[in-house]
Amino acid sequence: PAFRRPPRTVARMGARGVAIATTVIVLLAGGAVVVDRVAVGRAQELAVSELRANVEGVSGEPEVTIGGFPFLTQLAAGTLTNVTARAEAMTLDGIEVTDVVVDADGVTTTEPYTVDRAELTGTLSVAELQRLVEENSEVDVELQIEDDQLTAATQLFGLDVTATLVPRVENGKIRVDVATVEFGGFAVDVADLPGVLAGQLSDLTVPIDGLPEGVELSGVEVRDGGVRITATGVGVLLTAAAAS
């Protein structure tokens, strides 16, 4: 028998059916995206409220961003891919840290609350660093930051002494190395300074307490206006208040 073309009406109905089905799928997918974004928005708002209520010493209006897509699938699986929290300032065991960012990967949503990897960054102002040095050492110096360099100024025998300090992390504390020294306007080797002063400058230590258990100071960098610290942790166990 000869091949017969289907009636145009049938062909049109078939094409129309495909178009309708495609439209329905697109609308359903779009609706699912809207529902997912509404849910993640609500979760972020709730996280901000819990952050204000359960974490002491937070200043300003914190922000929480839940990454990854879709959110509802992550929630059902019990692990959020990434959560980032920001705060203008917070106090860690009496130490004020500004411009705080907490970045957490693999955050579980049921007990025991854990984080696969967490990183906290924040800035210690010069004034806060000065206070910590005064409280944790017997060195009488004035700290300043000039051209992204940390300097310590004092006097010896009535002459000005200025040392350029390079901070580093050692055993969870900020320690410094003395890079250059000017004594009475002349560059000198730190070994040529009187033993007491050389020892004091070399022994400057600033402990950073109040970090969550399992999170340790891992980096420090001099920035304009302060010292930027980084603390990291792997497999961090959170308290219920912190995880909420």
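**Entry 1: starting from R228**

I began with R228, which is buried at a relative accessible area of 11%, and I kept in mind throughout that the model I was reading is predicted. I then asked which residue meets the side chain of R228 in a salt bridge. The partner turned out to be D99, with a distance of 3.4 Å from N to O. R228 lies in strand β13 (residues 226-237) and D99 lies in strand β4 (residues 95-108), so the pair ties together parts that are 129 residues apart in sequence. I also looked up how open D99 is, and at 45% relative accessibility D99 counts as partly exposed, whereas R228 is buried. As a reminder to myself, I wrote down that side chains of opposite charge can pair when their charged atoms come close.

**Entry 2: V101 in strand β4**

I stayed with strand β4 and moved to V101, which has its place there. Leaving out residues up to four places away in sequence, I found that V101 touches T84, A85, R86, E119, L120, T121 and R228, and I noted that R228, where I had started, is one of these. For E119 I also looked up the separation of the C-alpha atoms, which is 8.1 Å from V101, although the two residues are 18 residues apart along the chain.

**Entry 3: other salt bridges**

How many salt bridges does a search of the whole structure find? The search finds 10, and I looked at some of them one by one. R52 forms a salt bridge with E61, and the closest N and O atoms of this pair are 2.6 Å apart. R52 is partly exposed, with a relative accessible area of 42%.

I then turned to E170 and R168, which form a salt bridge whose closest N and O atoms are 2.5 Å apart. E170 counts as partly exposed at 30% relative accessibility, and R168 is partly exposed with a relative accessible area of 28%. Following the shared partners, I found that salt bridges join R168, E170, R175 and D177 into one network.

**Entry 4: T205 and its contacts**

Since R175 belongs to that network, I looked for R175 elsewhere and came to T205, whose side chain makes a polar contact with the side chain of R175 at 3.0 Å. T205 lies in strand β11, which covers residues 205-207. Is T205 buried or exposed? T205 is buried, because its relative accessible area is 15% and buried means under 20%. When I set aside its neighbours within four places in sequence, I found T205 in contact with N136, K173, I174 and R175.

**Entry 5: the nonpolar core**

I174, which is in contact with T205, led me to the largest nonpolar core, which has 51 residues. The residues with the most contacts inside this core are L124, L143, L165, I174, I208 and I229. I picked L143 for a further look and, not counting residues up to four places away in sequence, found that L143 touches V126, L129, Q130, V133, L150, T151, A152 and L165.

**Entry 6: the whole chain**

Last, I looked up values for the chain as a whole. Its secondary structure comes to 5 helices and 13 strands, and of its 244 residues 35% count as buried. Among contacts with a separation of 6 or more, 49% are between residues 24 or more positions apart. The accessible surface comes to about 14,500 Å², and 55% of that surface belongs to carbon and sulfur atoms.

Note on methods: Residues numbered from 1 in each chain as written. Predicted model: local features only at pLDDT ≥ 70, side-chain atom pairs only at ≥ 80, totals over all residues. Heavy atoms only, no water. Helix = DSSP H or I, 4+ residues; strand = E, 2+ residues; numbered from the N terminus. Buried < 20%, exposed > 50% of the residue type's maximum accessible area, 1.4 Å probe, protein only. Polar contact = N/O pair within 3.5 Å; in protein donor to acceptor, adjacent residues only side chain to side chain. Contact = heavy atoms within 4.5 Å. Salt bridge = Lys/Arg side-chain N within 4 Å of Asp/Glu carboxyl O. Core = buried A, V, L, I, M, F, W, Y, C linked by side-chain atoms within 4.5 Å. Areas by Shrake-Rupley, 256 points an atom, 1.4 Å probe, with all protein chains shown as cover.
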